[in-house]
Structure formats: structure tokens, C-alpha cells
Amino acid sequence: MKKKFLILLLFTGFFAHAQDREAHREKIRALKTAFITDGLNLTAQEAQQFWPVYNEFEEKRRALYRRERAEVENIECLSEEKANSKLNEYVEIEREDYLLKKQYYNDLKKVFSARRIMQLKKVEDEFNHKMMREYRERKESNK
């Protein structure tokens with residue numbers, strides 16, 4: 001697994017300098033897919049059931065993230081009413097995120113055991129930590 005990840009890191013390094021952000025994101029998604037598939041040792045049948053559930057969840061989470069990060073106009077000129085409305089929207093987004101996660105885990109239980117779902121969470125965390133570590137190392141080496 002370490003060899004495969006090192007190869008993935010080399011490819012990530014190559015794509016990190018790409019100017020096209022969307023292409024870069026797609027490459028990271030592909031790396032993540034490979035990492036999760038390898039980390040969970042998915043069979044073809046498991047992958048066929050798992051990836052549609054996972055991809056739908058990720059797409060919905062990205063939509064929530066974009067809503068939450070939507071540009072707020074000049075805060076100094078924001079009325080109290082609009083600010084209150086924006087805060088209520090943040091709370092609603094958090095509620096939707098919670099419900100989305102709850103549904104996601106229920107859907108995953110149709111594919112995997114609870115232990116396997118916990119393993120997925122661990123593999124995702126490992127991927128994110130390695131990506132951040134690589135980013136920091138690359139940032140340091142460019143100074």
C-alpha cells in the first residue's frame with residue numbers, strides 16, 4: 001500500500017502545478033478513489049454498490065459547502081435583518097449536513113458492516129492527512 005501511495009503522491013506533485021483547477025480537482029478525486037479502493041480492499045461487487053452512494057454523498061456535501069461559503073456582501077453595510085437571515089441559513093445548512101450524513105451512513109449500512117464503515121472513515125482521514133502533509137512539504141520546498 002505504501003508503494004502505491006508514493007506513486008500517487010508523485011502524480012499528485014505533477015498535477016499540483018496544473019493551472020486548470022477543475023482538472024486538478026478531478027485528479028485528486030481519482031487519487032482518493034484509488035486510495036479508498038486500495039485501503040478498503042474493495043471487491044468489484046462492493047465497489048459497484050459503494051461508489052454510487054459515496055459519490056452522491058460527496059456531491060451533496062460539496063453543494064452544501066458552496067452554499068455555506070457563498071460570498072457575503074460587504075459586512076459593514078449588511079443590515080441586522082440580512083445578517084440574521086444569513087446566520088439562520090448557516091444553521092439550516094448544518095442541519096441539512098447532519099441529515100445528509102445520517103442518510104449516508106444508513107445507505108452505507110446496506111453495503112458494508114458498521115466496522116467497515118469505520119474503516120472507510122479511517123482511510124479517508126489517512127488520505128486527507130497525507131494530502132495535507134504533502135501540501136505543506138511542497139509549500140516549504142518552494143520557499
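A search of the whole structure, which is a predicted model, finds eight aromatic pairs. A pair of aromatic rings is described by the distance of the centres and the angle of the planes. For Phe-50 and Phe-112, the ring centres lie 5.4 Å apart and the planes stand at 35°, so this pair is classed as tilted. The two residues belong to distant parts of the chain, since Phe-50 sits in helix 3 (residues 44-68) and Phe-112 in the loop between helix 4 (80-108) and helix 5 (114-141), with their positions 62 residues apart in sequence. Both Phe-50 and Phe-112 are buried.

The rings of Phe-57 and Tyr-104, in turn, have centres 3.8 Å apart and planes at 10°, and the pair is therefore stacked, planes under 30 degrees apart being counted in that class. This pair likewise links distant parts of the chain, with Phe-57 in helix 3 and Tyr-104 in helix 4, 47 residues apart. Phe-57 has a relative accessibility of 7% and so counts as buried, and Tyr-104, at 4%, also counts as buried, the cut-off being under 20% relative accessible area. The residues of both pairs belong to one aromatic cluster, which is formed by Phe-50, Trp-51, Tyr-54, Phe-57, Tyr-104, Tyr-105 and Phe-112.

Trp-51, a member of this cluster, is found in helix 3 and, with a relative accessibility of 12%, counts as buried. When residues up to four places away in sequence are not counted, Trp-51 touches Thr-33, Ile-36, Thr-37 and Leu-42. Of these contacts, the one with Thr-33 joins residues that are 18 apart in sequence, and the C-alpha atoms of Trp-51 and Thr-33 are 8.8 Å apart in space. In the loop between helix 2 and helix 3 lies Asn-41, which has a positive phi of about 50° although it is not a glycine. In contrast to the buried Trp-51, Asn-41 is exposed, with a relative accessible area of 63%.

With regard to the chain as a whole, the model contains five helices and zero strands, so that the order of elements from the N terminus reads α-α-α-α-α. Of the 143 residues of the chain, 25% count as buried, while the chain exposes about 10,900 Å², of which carbon and sulfur atoms supply 54%. Among contacts between residues at least 6 apart in sequence, 72% join residues that are at least 24 apart.

Rolling a probe the size of a water molecule over the atoms shows where empty space is left. The largest pocket has a volume of about 1,400 Å³, and 39 residues line this pocket, those closest to its centre being Ile-28, Lys-32, Glu-58, Arg-62 and Asn-128. Two or more lining residues are given by each of helix 1 (2-16), helix 2 (21-40), helix 3, helix 4 and helix 5, and the largest share, 12 residues, comes from helix 5. When the lining of the largest pocket is divided by class, 17 residues are nonpolar, five are polar and 17 are charged. Helix 3 thus appears both among the elements that line the largest pocket and as the element that holds Phe-57 of the stacked pair and Trp-51.

Notes: Residues numbered from 1 in each chain as written. Predicted model: local features only at pLDDT ≥ 70, side-chain atom pairs only at ≥ 80, totals over all residues. Heavy atoms only, no water. Helix = DSSP H or I, 4+ residues; strand = E, 2+ residues; numbered from the N terminus. Buried < 20%, exposed > 50% of the residue type's maximum accessible area, 1.4 Å probe, protein only. Contact = heavy atoms within 4.5 Å. Areas by Shrake-Rupley, 256 points an atom, 1.4 Å probe, with all protein chains shown as cover. Phe/Tyr/Trp six-rings, centres within 6.5 Å; stacked < 30°, edge-to-face > 60°. 1 Å grid on protein atoms, 1.4 Å probe; cavity = no way out; pocket = protein on both sides within 12 Å on 5 of 7 lines; lining within 4 Å. Points joined across faces, edges and corners; volume = space filled by probe spheres on them. Nonpolar A, V, L, I, M, F, W, Y, C, P; charged D, E, K, R; others polar.
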